[in-house]
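Me: Could you take a close look at one part of this structure for me, and then follow it into its surroundings? I'd like to see how the pieces join up, in plain words I can follow while I turn the model on my screen.

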Amino acid sequence: MKTALICGISGQDGAYLAQLLLEKGYTVCGTSRDAQMSSFSSLKRLGIYNQVKLESMALTDFRSVLQVLTKVDPDEIYNLAGQSSVGLSFELPVETLESIATGTLNLLEAIRFLAKPIKLYNAGSSECFGNTNGEPADEQTPFRPRSPYGVAKATAFWEVANYREAYGIFAASGILFNHESPLRPQRFVTQKIIATAQRIAAGSREILRLGNTAIQRDWGWAPEYVEAMYLMLQQPQPDDYVIATGQAFALQDFVAQAFASLDLDWQAHVVIDQSLYRPTEIAHSQGNPAKAKRQLGWKAQFAMPDVVRHMVAAGNKDAGATDSFKFS
Ligand code: NDP
């Protein structure tokens with residue numbers, strides 16, 4: 001039986017990955033910055049809170065990382081922890097860089113120090129690419145990040161590539177495009193849209209304020225994306241993979257789809273707020289997941305309209321509707 005350590009298990013991807021690995025028979029340990037204080041609401045929502053072991057770990061503190069790795073003795077580490085909001089990274093640039101870049105480096109150094117065959121998954125991001133200029137990005141596309149978050153993720157990506165080449169560590173980066181689910185917090189725009197539309201459908205008179213709705217993104221379904229993470233660590237050789245649906249939609253299309261699924265006309269409820277624009281924004285972001293299909297046998301089954309449908313169904317279920325939608 002293998003042991004997996006999921007750093008950032010309280011987050012969206014951490015919870016779905018924990019569910020997947022438990023189904024595969026793994027012993028699953030997870031870390032949070034403060035395991036005594038975190039509510040682990042996503043693990044509870046998936047009904048797996050009592051099936052995982054939880055540890056406190058500060059990724060930016062090498063001693064803390066080394067202590068947890070020594071105690072847990074994992075076969076595989078999935079690093080999903082760190083400041084993950086692009087918007088917030090403009091307000092917290094140092095925290096973002098340290099939690100992602102120093103955090104990844106500490107994990108790599110700890111693996112190197114322990115000299116054990118521990119495999120590492122690094123949560124890379126499509127934000128490394130910046131604008132893909134209407135073309136789907138693949139593993140050969142150069143990085144031109146446009147946010148402190150993207151810069152931090154690009155740094156971590158090259159740390160992983162360097163340690164793989166220099167020390168033969170089995171470390172892989174998944175360059176994941178946006179993926180959503182009912183476990184997304186409301187500070188992310190997709191969940192903000194769904195939750196506001198549902199309150200309006202229930203009678204609220206509020207207005208949904210959004211920034212630039214012309215931006216285009218490649219949105220996928222989070223439970224599928226964690227399968228790609230697992231598959232990357234089961235390959236004979238470590239490598240990097242773009243994980244995406246291959247389809248881009250405007251944010252306005254996402255909004256229209258969400259409101260229409262609740263029988264609402266979005267134009268009556270949405271205003272564009274210039275103060276919500278980012279200092280630098282990515283206009284078009286789209287991935288080419290051909291390598292993942294070829295080498296991992298992974299392909300997204302759901303694109304943006306399905307993602308909206310699933311998120312709305314989950315919200316209706318939370319509100320007491322008798323929808324039989326399951327989270328995976
Ligand atoms: P979440 O924000 O849901 O989870 C990240 C976890 O990291 C949190 O639960 C939190 O755990 C921990 N964390 C948050 N801030 C910090 C910080 N400043 N320092 C250290 N730890 C922190 O992210 P997702 O599950 O959505 O994403 C998982 C990973 O994948 C992240 O690295 C993200 O950047 C990356 N990614 C996500 C994409 C997406 O569309 N979801 C796309 C591409 C990449 P705790 O509070 O318990 O310590």
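Reply: Ala115 is exposed, because its relative accessibility is 67% and the cut-off for that word is over 50%. Do keep in mind that this is a predicted model. You will find Ala115 in the loop between α5 and β5. Its backbone deserves a look too: phi is near 55 degrees, a positive value in a residue other than glycine.

Asp73 also has a positive phi, of about 50 degrees, although it is not a glycine. Asp73 sits in a loop as well, the one between α3 (62-72) and β4 (76-79). With a relative accessible area of 40%, Asp73 is partly exposed.

Now back to the two elements on either side of Ala115, as they lead to the ligand. α5 (93-114) and β5 (119-125) each supply at least two residues of the shell around the ligand, and so do α1 (12-23) and α6 (148-167). Which element gives the most to that shell? It is β5, with three residues. The shell has 24 residues, of which Ser10, Ser32, Ser84, Glu95 and Tyr149 come nearest to the ligand. By type, the shell divides into 12 polar, six charged and six nonpolar residues.

Some of the contacts are easy to find on screen. Ser10 places a polar side-chain atom 2.7 Å from an oxygen atom of the ligand. Two backbones take part as well: a polar backbone atom of Gln12 lies 3.1 Å from a ligand oxygen, and one of Asp13 lies 2.8 Å from a ligand oxygen. On its own the ligand has 890 Å² of accessible area, and the protein covers 89% of that.

Two of the residues just named lead on to others. Tyr149 is touched by Val86, which also contacts Glu127, Ser147 and Arg278, leaving out residues up to four places away in sequence. Val86 belongs to helix α4 (residues 86-89), and it counts as buried because its relative accessible area is 13%, under the 20% limit. Gln12, for its part, is one of the residues touched by Glu180.

Glu180 is worth a stop. It lies in strand β7 (residues 179-180) and is buried, as its relative accessibility is 1%. What does the side chain of this buried glutamate pair with? It makes a polar contact, at 2.8 Å, with the side chain of Arg184. Not counting residues up to four places away, the list of what Glu180 touches also includes Trp219, Trp221, Ala222 and Pro223.

Ala222 and Pro223 are both buried residues of α8, as are Tyr225, Val226 and Tyr230, among others. In fact, nine of the 11 residues of α8 are buried. Following α8 takes us to the largest nonpolar core, which has 40 residues; Leu17, Leu21, Val28, Tyr78, Tyr121 and Ile243 have the most contacts inside it. α8 (222-232) gives two or more residues to this core, and so do several other elements, including α1, β5 and β6 (171-176). In soluble globular proteins, nonpolar side chains tend to be buried together. Leu21 shows how the pieces meet: beyond its neighbours within four places in sequence, it contacts Ala4, Ile6, Tyr26, Val28, Tyr78 and Tyr230. Apart from this core lies another, of 24 residues, among them Ile200, Val255, Val308 and Val312.

Past the end of α8, in the loop between α8 and β11, comes Gln235. At 16% relative accessible area, Gln235 is buried. Its side chain reaches back to the backbone oxygen of Leu231, at 2.9 Å. Leaving aside its neighbours within four places, Gln235 contacts Lys119, Phe170, Tyr241, Gln295 and Leu296. Lys119 brings us round to β5, since that strand spans 119-125, and Ala115, where we started, is in the loop between α5 and β5. Gln235 and Phe170 are 65 residues apart in sequence, with their C-alpha atoms 9.9 Å apart. The C-alpha atoms of Gln235 and Val86, by contrast, are separated by 30 Å.

Notes:
Residues numbered from 1 in each chain as written. Predicted model: local features only at pLDDT ≥ 70, side-chain atom pairs only at ≥ 80, totals over all residues. Heavy atoms only, no water. Helix = DSSP H or I, 4+ residues; strand = E, 2+ residues; numbered from the N terminus. Buried < 20%, exposed > 50% of the residue type's maximum accessible area, 1.4 Å probe, protein only. Polar contact = N/O pair within 3.5 Å; in protein donor to acceptor, adjacent residues only side chain to side chain. Contact = heavy atoms within 4.5 Å. Near = heavy atom within 4 Å. Areas by Shrake-Rupley, 256 points an atom, 1.4 Å probe, with all protein chains shown as cover. Nonpolar A, V, L, I, M, F, W, Y, C, P; charged D, E, K, R; others polar. Core = buried A, V, L, I, M, F, W, Y, C linked by side-chain atoms within 4.5 Å.
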